[in-house]
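Reader: Could you take me through one part of this structure closely? I would enjoy a connected account of the aromatic pairs and the strands that carry them.

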Amino acid sequence: MRRPALLGLGLVVAAGLGLCFHKAQDAAGAAIHFDRDSGAVEVEGLDRAGVAKLARAGLSAADWGALLAVYPGREATPGDHLPPMLGRYGVERGRVRFNPRFPLVAGLDYTARFDAALFKARFGGGGPGAAPAVVATFALPKAVPAAATEVAAVYPSGGELPANQLRVYIHFSAPMSAGEAASRIHLFDAAGREVPRAFLRLDQELWDPGRERFTLLFDPGRIKRGLRANLDEGAPLKEGVSYCLVIDRAWRDGRGEPLGAGFEKRFTVTAADRAAPDHRAWRLEAPPAGSAEPVVLCFPEPLDHALLGELIEVRDGRGGRVSGRAEVSAGETAWRFVPSAAWRSGPYHLRVNPALEDRAGNSLRAVFDVDLRAQEADQQGPGQILIPFEVRSPTE
Amino acid sequence: MKLGRCLMIMAAAAVAGAGLAASRPAPAPFGMTYGEPNLKSAGALAVGPGGVLFVGDSVGAAVFALDVKDQAKDESADPIEIKEIDKKIASLLGVAPGDVLIHDLAAHPASQNIYLSVSRGRGSDAIPLVLRASRRGQLEEVPLQKIAFSKADLADAPDPEAKTQYGASKRRLAITDLAFVDGELLVAGLSNQEFASTLRRLPFPFKPNVAATTLEIYHASHNRYETHAPIETFLPYHFKGQPALLAGYGCAPLAAFPLAELKSKKHLRGTTLAELGGGNRPLDIIGFQKNGKDHILIANSDRTLMSMSSEEIDRAQPVTTPVGAPYLTSGVGYVSVAEVGVMQLDNLNANHVVVIQRRISDGTLNLRSLPKKWM
């Protein structure tokens, strides 16, 4: 650790004292204050004429930084020519003031260093003798998290997954941090060996807008038939084998805190699913008129949890959208819709977007890996799928 | 970022400021307005006409065009170097180095200033930023509080009718790459829900309420199964004399798509030119010249830099047979350049490419220049 040539008083200001101002002072009276509320750093006790001259000097950002520099960390003069923090400098009420550009990170140490010798040389004042540098280290107290973030759910929810399972959704109870997913999710086989490169790594992690749901993709190159990665390494999931998906407790949430607990999902692998879902095999249970009971759509296989929640809507006989609340249940084999107002007698229909996929990424339009010998290229597949149903009064 | 040097299509570059009365303040170029763009995230970067910087905002499901007012000209062919760039950015932003995420790098072709899209922090309070590194290695923030900008919203659902009325959609498009070609911004992305590789086309200057045209992109693998895997990175290029896109895939192949078909088709099928070897994904592709001849350079997650000559790419036959063993390659051959850990790559000047590279010997992250003659 390097030391400055002129180290006056290095003072570590304890966090959490409940004081707005903390102070480090040199023998000649120059002192650094840290305002915990605004995050500003101020130097007071300077020669008044010198400060007035400084205020008129029109210093560049680099010159200001040479006079008063604030860095993350505890080093008074960090090595490797690290630049000081961005911020706005000025003179206020006879003090040199630095307002950091960004809010300080709670729990991280910061060090401010005022070069009193430079100030004296350029702006005068301060009496005879050397002017030592004034250094202060401070930190904002870290808030104690109210409750640890947990893995709230993992979909598919069932204990059996097809060998070409494409996506896994991990829901958290609070927003998470970015950039860690690849190192926090693991797949182990029944013998406890980690399956290497099971998942697609992406720089742009696939979070929902609130960063509470993470989309995990098995490496499509290993799932798709005939692709080199599939031939080289085989599909990551082998039929008949049991696996454990492990989520590390160390994964940090949006506040930088680890999860309350790790998470494990055990599952057994069944045969690969190479068939597009067929809506003709779905079963619809219509609700009675006058009730707010759900309309229920049941599928012979689990479908994608997220897409089920977004790609089916209810329309009345005139084509108007029916408002209400949809939920996915029964291990993603049922979709239920509860209307906001009671059903009226008459025709309705469900409008299903053909982008709806099963667990292996086979959509209503096409299977995930299209066999070009079996299907025409550029096929469009069906448009919106309409599933009519009749709401009748119980007496009918 | 890739500004295809091999395909210099710079339409609409002369729009800015034309025919304005001298007494009036210059309006913002390209139909932009002054204000705060309010980026929700800063990811993929590309330099466009007139030095406009395009920034992909995956969280905000939008692409921004920023007038960064970078009019400097630097014709030198010297290298630039910033050692331990992650530590320097962390110091500048007042965080620990582990809380700096560098998402993309784009070198301005005229000024040679280097733009970086960065997150300050990883958590809920992360702040997206655009930083600029000068030739002297100095880093500064590109102020986004009052800047001329325009914004294009990206369609956020498989089709507009599909938007859920049952609550806020959790759907999001992760933008993997951008490039400006022939008056249009091309946006490659991947949804966090349905699995489709899409390429969006946006005419620039952005027009209000003009939705992106969405293309589904396929390439045949081994003449049997077609795939629409996500494009990780792509480069506007000339393939067999025709404008094309070279696309690098997460599941390893390199494929070419004729650009002419972009505008006429809704589904686009490409040709697989090479299998680059397993266990790897391409991070960046650029075009460059060496000894007066065109080449491409590919940065990879788990392999060295790869250099290919245009002549060999033009002679390529579609890859139709699988490789015989793990990690083998096929199709267009490449020179494995002895540089590893390159995470960001772009053209800098006539003699150098610029990279952000993790050094194996000490783990440091450095911005470096590599001579093109050695690529």
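Author: Happy to. Two strands count as paired if DSSP finds at least two bridges between them. With that in hand, and keeping in mind that this is a predicted model, let us start in chain A. Strand β13 (residues 185-189) of chain A runs antiparallel to strand β15 (residues 242-247) of chain A, and five bridges join them. One of the contacts brings A:His186 together with A:Val246 of β15(A), its bridge partner. β13(A) is mostly covered, with four of its five residues buried. On the β15(A) side, A:Cys244 counts as buried because its relative accessibility is 5%, under the 20% cut-off. A:Cys298 is buried too, at a relative accessible area of 14%. As for disulfides, a search of the whole structure finds zero over all chains.

Now to the rings. A pair of aromatic rings is described by the distance of the centres and the angle of the planes. Over all chains, the structure holds 26 aromatic pairs. One of them joins A:Phe172 and A:Trp207, with 5.9 Å centre to centre and 45 degrees between the planes, a tilted arrangement. This pair links distant parts of the chain: A:Phe172 belongs to strand β12 (residues 167-172) of chain A, while A:Trp207 sits in the loop between β13 and β14 (213-217) of chain A, 35 residues apart. Why does A:Phe172 count as buried? Its relative accessibility is 4%, and buried means under 20%. A:Trp207, at 2%, counts as buried as well.

Chain B offers a stacked counterpart: B:Phe54 and B:Phe180 pair at 5.9 Å centre to centre, with 20 degrees between the planes. B:Phe54 lies in strand β3 (residues 53-57) of chain B and B:Phe180 in strand β10 (residues 173-181) of chain B, so the pair ties together parts that are 126 residues apart in sequence. Both B:Phe54 and B:Phe180 are buried.

Back in chain A, rings also gather into a cluster: A:Trp335, A:Phe337, A:Trp343, A:Tyr348 and A:Phe389 form one aromatic cluster.

Since you asked about strands, here is one more set from chain B. Three strands form an open antiparallel sheet there, in the order β24-β25-β26. Its edge strands, β24 (342-347) and β26 (365-371) of chain B, each pair on one side only. Neighbouring strands of this sheet are turned by 20 degrees against each other on average, direction ignored. Five bridges hold β24(B) and strand β25 (residues 352-358) of chain B in antiparallel pairing, and B:Val342 has B:Gln357 of β25(B) as its bridge partner.

Technical notes: Residues are numbered from 1 along each chain as its sequence is written. Chains are lettered from A and ligands numbered from 1 in the order in which they are written. This is a predicted model: local features need pLDDT of at least 70, side-chain atom pairs count only at pLDDT 80 or more; totals for chains, interfaces and linings use all residues. Side-chain values use heavy atoms; hydrogens and water are left out. Helices (H or I, at least four residues) and strands (E, at least two) are DSSP runs, numbered from the N terminus. Axes are lines fitted to C-alpha atoms, for helices over the stretch in contact, and angles run from 0 to 180 degrees between N-to-C directions. A disulfide is a pair of cysteine sulfur atoms within 2.5 Å. Buried means under 20% relative accessible area, exposed over 50%, partly exposed in between (1.4 Å probe, protein chains only). Rings of Phe, Tyr and Trp (its six-membered ring) pair if their centres lie within 6.5 Å; planes under 30 degrees apart count as stacked, over 60 as edge-to-face and the rest as tilted.
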